[in-house]
Amino acid sequence: MSNAKTRVLTGITTSGTPHLGNYVGAIKPAIEASQDPNVEPFYFLADYHALIKCQDPKRVQQSRLEIAATWLALGLDTDNAVFYRQSDIPEIPELMWMLSCVCAKGLMNRAHAYKAAVADNEEAGNQDADKGVTMGLFGYPVLMAADILMFNAHKVPVGRDQIQHIEMARDIAGRFNHLYKGNYFVQPEAVVDEKTEVLKGLDGRKMSKSYDNTIPLFAPEKKLQKLVRKIKTNSLEPGEPKDPDTCTLFQIYAAFANTEEAAAMREQYAAGIGWGDAKNQVFDYLNTHLQAPRERYSALLEDPGHIENVLQQGAERAREEATRTIEALRAAMGLGRFS
Ligand code: TRP
């Protein structure tokens, strides 16, 4: 593979159903990047990460299928992008172990997710500050470092909450390079898209599966309509001017619409459009734009064998590189062949 290109890598934890916020914040920019000939994208289903927070096998399995189908339905170019499942690359957990042996435990003590779990325990007055904390949760950033360092990614698009993990990956990479005296790993950089954090959910808080306020990207038409009607607005009457900048409904619309369409909607807000009318317009717009990918999505879900093939091909491409890399790392660490 040529190295003049920028290698962009990101993982999607497979523990839920993709929603509009995921689309705007992560999927859409990633798919656009997959069409850029100067980018070498590595996109994967972080299904080992899913096991940390979800121990319901049906849900993990379903989510993997839905997320893969979503990316394909939205036009991911899998000729350019290497699209794979983390669990199809056994070299990744192997690398995780190698990295665990150079990673300071103290670094993991500072990870946000772990610290939040400890803080919750302390607040609840639990004797054991680590109650409910698995080694998976504690070592989560090392697995993520392995995902990234395995493929020497330059750029890692993530949400703001993940920046710390990229910094940890850099730290671990630096330590490994220093200890084993070589340039084994590239230092990855986090890329945070401004839009990632801003899309709000039905209740006006950040759209997130943890708040249960999401609009599933491929909700059937009727359901989509129902959810759009549920978006929280204020009590202003038709005829009263409304502020688009503090309005979740407008924000969702603007995330999909082009500049002119958004400007036209702003004018309607200023002119006092009624909430019912605004919601109908937003629903119609979303529904029209999501219809074709939704149909492709349904067709893909009916054909899991096809999805499996696509992912197997991606795994093959990823492993071609991963097996070479891991062999060099084994040798560097004193685990090389005898002859
Ligand atoms: N932890 C990331 C999240 O929850 C998902 C992820 C796993 C990831 N491995 C990664 C993202 C590697 C970027 C790079 O969003």
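This tour of a predicted model moves from the ligand and its surroundings to a pair of strands.

**The ligand shell.** Select the ligand and display the residues around it. The shell comprises 14 residues, and the closest are Thr-13, His-49, Tyr-140, Asp-147 and Gln-162. Colouring the shell by residue class shows eight nonpolar, five polar and one charged residues.

**Polar side chains at the ligand.** Show the side chain of Thr-13 next. One of the polar atoms in this side chain lies 3.2 Å from an oxygen atom of the ligand. Turn then to Tyr-140, where a polar side-chain atom lies 2.6 Å from a nitrogen atom of the ligand. Gln-162 likewise places a polar side-chain atom 3.1 Å from a nitrogen atom of the ligand. With the protein surface switched on, consider the cover: the ligand taken alone exposes 360 Å², and the protein buries 89% of that.

**The elements behind the shell.** Select β1 (6–13), β2 (39–46) and α7 (135–150), which are the elements that give two or more residues to the shell around the ligand.

**From β2 to β3.** Keep β2 in view and add β3. The two strands pair in the parallel sense over four bridges. To locate one bridge, select Phe-42, whose partner in β3 is Val-82.

**The two faces of β3.** Display the side chains of residues 82–85, which form strand β3. In a regular strand, side chains alternate between the two faces of the sheet. Here Val-82 and Tyr-84 point one way, while Phe-83 and Arg-85 point the other way. Which of these residues are buried? All of them are, Arg-85 included.

How values were computed:
Residues are numbered from 1 along each chain as its sequence is written. This is a predicted model: local features need pLDDT of at least 70, side-chain atom pairs count only at pLDDT 80 or more; totals for chains, interfaces and linings use all residues. Side-chain values use heavy atoms; hydrogens and water are left out. A residue is near a molecule or strand if one of its heavy atoms lies within 4 Å of it. A polar contact is a pair of N or O atoms within 3.5 Å; within protein, one must be able to donate a hydrogen and the other to accept it, and residues adjacent in sequence count only if both atoms are side-chain atoms. Accessible areas come from the Shrake-Rupley method with a 1.4 Å probe; for residues, only the protein chains shown count as cover. Ala, Val, Leu, Ile, Met, Phe, Trp, Tyr, Cys and Pro count as nonpolar, Asp, Glu, Lys and Arg as charged, and the others, Gly among them, as polar. Buried means under 20% relative accessible area, exposed over 50%, partly exposed in between (1.4 Å probe, protein chains only). Two strands pair if DSSP finds at least two bridges between them.
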